[in-house]
Amino acid sequence: MADFDEKLEFKRRNSWQYMDESVKAEVTALCEDYKKFLDESKTEREAVDSAIKLLRASGFLSIEEVRDLKLPKEKLPGTKLYYVHRNRCIFIAVLGKENPEVGFNMVGAHVDCPRLDLKPNPLSEKNNVLYFRTHYYGGIKMYQWPTIPLSLHGVIVKKNGEKITVKIGENDDEPKFMISDLLPHMGGGQMSKPAGSFIDPENLNVIIGSIPGKIDEEDKDSKTLTVKQQILAYFNEKYGVDEKDFQRAELVITPAAKATDIGFDRGMIAAYGHDDRVCAYTELRALLDMKNVPTRTAVAYFADKEEIGSVGNTGARSNSLELFAIEIAALYGPGEVMLTANRCLAASKMLSADVTAAFDPSYADVYDESNAAFMGGGIAIEKYTGHGGKSGTSDCPAEFVREVTDIFDENGVAWQINEMGKIHSGGGGTIAQFMADKGVEVLDCGVPLWSMHAPLELASKSDIYWAYKGYLAFIDR
Ligand code: MN
Ligand code: MN
């Protein structure tokens with residue numbers, strides 16, 4: 001047999017096996033910071049607020065503040081700014097040495113996650129137990145939500161316009177909430193139904209109270225407060241709101257669990273909302289940790305509403321990117337602002353930073369193993385997402401796949417390339433196609449997960465680190 005050059009053959013690597021102790025220490029440090037971010041950021045509003053806190057601490061200014069500085073063009077390179085769009089999405093930039101006409105180098109993730117939203121009239125009392133009625137948001141398996149501790153997040157906007165921020169159930173000394181399930185002894189009928197239908201979404205009712213007022217036994221006509229009245233009185237005392245104010249609220253139920261290490265070796269993190277705050281945090285950190293004034297303006301983008309189709313005026317289909325490009329173009333002085341913004345979009349390059357499914361040996365039959373991403377294999381690149389026949393995807397051209405993978409290779413970033421599941425079992429969109437619609441060159445790449453969209457999702461710390469290193473390499477040049 002002829003000699004064979006082993007380099008001709010592609011071999012998968014587990015990135016942990018090529019990592020020395022100093023890099024492992026960096027992985028641990030990054031992931032500790034990430035866990036803190038996750039625990040503080042359970043909704044898109046909270047994620048945007050957490051980002052602003054980190055940005056302000058690093059000297060970033062709002063675009064309005066930068067505008068007021070009226071900096072001459074030559075002073076703009078290196079300027080660090082952010083642009084918040086309707087409290088739920090944000091663009092963050094380090095202005096480059098070149099005019100925005102040459103395009104941005106962007107990394108874009110989404111910060112909304114599957115959860116249970118409260119219905120507009122959420123309070124419902126049955127047999128002296130008070131519930132929040134919910135309407136689920138995004139793709140969830142209903143059966144995963146009963147019998148776990150839950151927390152309440154969001155805002156209530158009172159009639160007078162005052163906005164109240166609500167966050168209950170995250171601290172150890174705060175109450176939590178829960179959805180009940182049927183005991184197995186009496187669950188025969190339930191257990192014989194398919195998993196997709198044995199929990200009716202109308203039954204995802206969250207227990208929020210159970211103590212009615214005391215009855216005066218001496219007084220035959222004694223009236224007492226219902227549980228609902230008691231809890232309404234609590235809400236009024238704590239927040240100054242009444243039942244009608246729930247109709248002007250945006251309140252959501254999320255798992256109350258904190259991000260936690262998994263395994264004796266602490267190699268993985270279990271957390272609510274890795275999808276897609278793992279990419280949002282790593283791209284944010286990349287921007288914060290840049291060493292250079294980049295040639296092209298570096299941008300990190302947090303989008304909202306990805307989980308329900310990137311819709312609405314804060315989703316990736318909205319004109320928020322165009323508005324941001326116009327605002328940046330306007331900083332460079334009057335003149336052809338619209339032309340500059342349009343040229344900017346057409347010349348922009350973007351990593352669509354979103355999670356994918358890692359090959360799970362317990363469910364091997366839905367994956368094409370040779371085209372799957374693996375836990376610990378590094379940042380996972382998807383040339384296309386979509387579903388059977390590539391419908392609903394932005395198929396990235398080979399030229400840009402080469403450009404990105406070259407940047408990763410030059411910077412020692414561990415990466416793998418995959419499809420999410422078998423042709424007819426996989427699928428799922430990202431913001432990539434909507435960015436591509438605007439003329440941006442875009443490639444999907446992010447962290448592979450297990451248990452995606454479950455109340456707790458799993459990610460490998462090494463892949464989180466390589467996503468960070470990949471995004472940093474892409475923008476810091
Ligand atoms: Mn996602
Ligand atoms: Mn998702």
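This report describes the two domains of a protein chain, the contact between them, and a pair of manganese ions. The structure is a predicted model, and the values given here are computed from its atoms.

**Domains and their contact**

The protein chain is divided into two domains, of which domain 1 is made of two stretches, 14-113 and 272-475, while domain 2 covers 115-255. The C-alpha centres of domain 1 and domain 2 lie 35 Å apart, and the contact between them takes 19 residues from domain 1 and 16 residues from domain 2.

The size of an interface is often given as the accessible area lost when the parts come together. For domain 1 and domain 2 this buried area is about 1,500 Å², with 47% of it on carbon and sulfur atoms. On the side of domain 1, the residues that lose the most area to domain 2 are Lys42, Arg45 and Pro455, which together account for 34% of what that side buries.

Polar and charged groups also meet across this interface: the search finds three salt bridges between domain 1 and domain 2, and it finds eight residue pairs in polar contact there, with both residues at pLDDT 80 or more. Two helices, H1 (21-40) and H2 (44-57), each supply at least two residues of the side of domain 1 that touches domain 2, and the largest share of that side, three residues, comes from H2. Sorted by class, the side of domain 1 that touches domain 2 has five nonpolar, three polar and eleven charged residues.

Arg45, already named for the area that it loses to domain 2, forms a salt bridge with Glu250, in which the closest N and O atoms are 2.9 Å apart. This pair links distant parts of the chain, since Glu250 is in strand E10 (residues 249-255) and Arg45 is in helix H2, 205 residues apart. In the whole structure, the search finds 27 salt bridges.

**The two manganese ions**

The model also holds two manganese ions, and the table below sets out the donors of each, together with the spacing of the donor residues in sequence.

| Ion | Donor atoms | Distances | Spacing in sequence |
|---|---|---|---|
| Manganese ion (ligand 1) | His110 (NE2), Asp275 (OD), Asp354 (OD), Asp354 (OD) | 2.1 to 2.6 Å | H-x164-D-x78-D |
| Manganese ion (ligand 2) | Asp275 (OD), Glu307 (OE), Glu307 (OE), His453 (NE2) | 2.1 to 2.6 Å | D-x31-E-x145-H |

The manganese ion (ligand 1) and the manganese ion (ligand 2) are 3.4 Å apart, and Asp275 coordinates both of them. Around the manganese ion (ligand 1), distant parts of the chain are linked, with His110 in strand E4 (residues 105-110) and Asp275 in helix H6, 165 residues apart. Asp275 also takes part in a second link between distant parts of the chain, this time with Glu307: Asp275 is in helix H6 (residues 274-288), whereas Glu307 is in the loop between strand E13 (298-303) and helix H7 (320-331), and the two residues are 32 residues apart.

**Backbone details**

Which residue follows Asp275 across a cis peptide bond? The residue is Asp276, and the peptide bond from Asp275 to Asp276 has an omega near 10 degrees. Asp276 is found in helix H6, the helix that also holds Asp275, the residue named above as a donor to both ions.

A further backbone detail concerns Asn87, which has a positive phi of about 65 degrees although it is not a glycine. Asn87 has its place in the loop between strand E2 (80-85) and strand E3 (89-94).

Conventions:
Residues numbered from 1 in each chain as written. Chains lettered and ligands numbered in written order. Predicted model: local features only at pLDDT ≥ 70, side-chain atom pairs only at ≥ 80, totals over all residues. Heavy atoms only, no water. Domains from an automatic or database assignment. Contact = heavy atoms within 4.5 Å. Buried area = accessible area lost by both parts, 1.4 Å probe. Salt bridge = Lys/Arg side-chain N within 4 Å of Asp/Glu carboxyl O. Polar contact = N/O pair within 3.5 Å; in protein donor to acceptor, adjacent residues only side chain to side chain. Helix = DSSP H or I, 4+ residues; strand = E, 2+ residues; numbered from the N terminus. Nonpolar A, V, L, I, M, F, W, Y, C, P; charged D, E, K, R; others polar. Donors = N, O, S within 2.8 Å, 3.2 Å for Na, K, Ca; no water.
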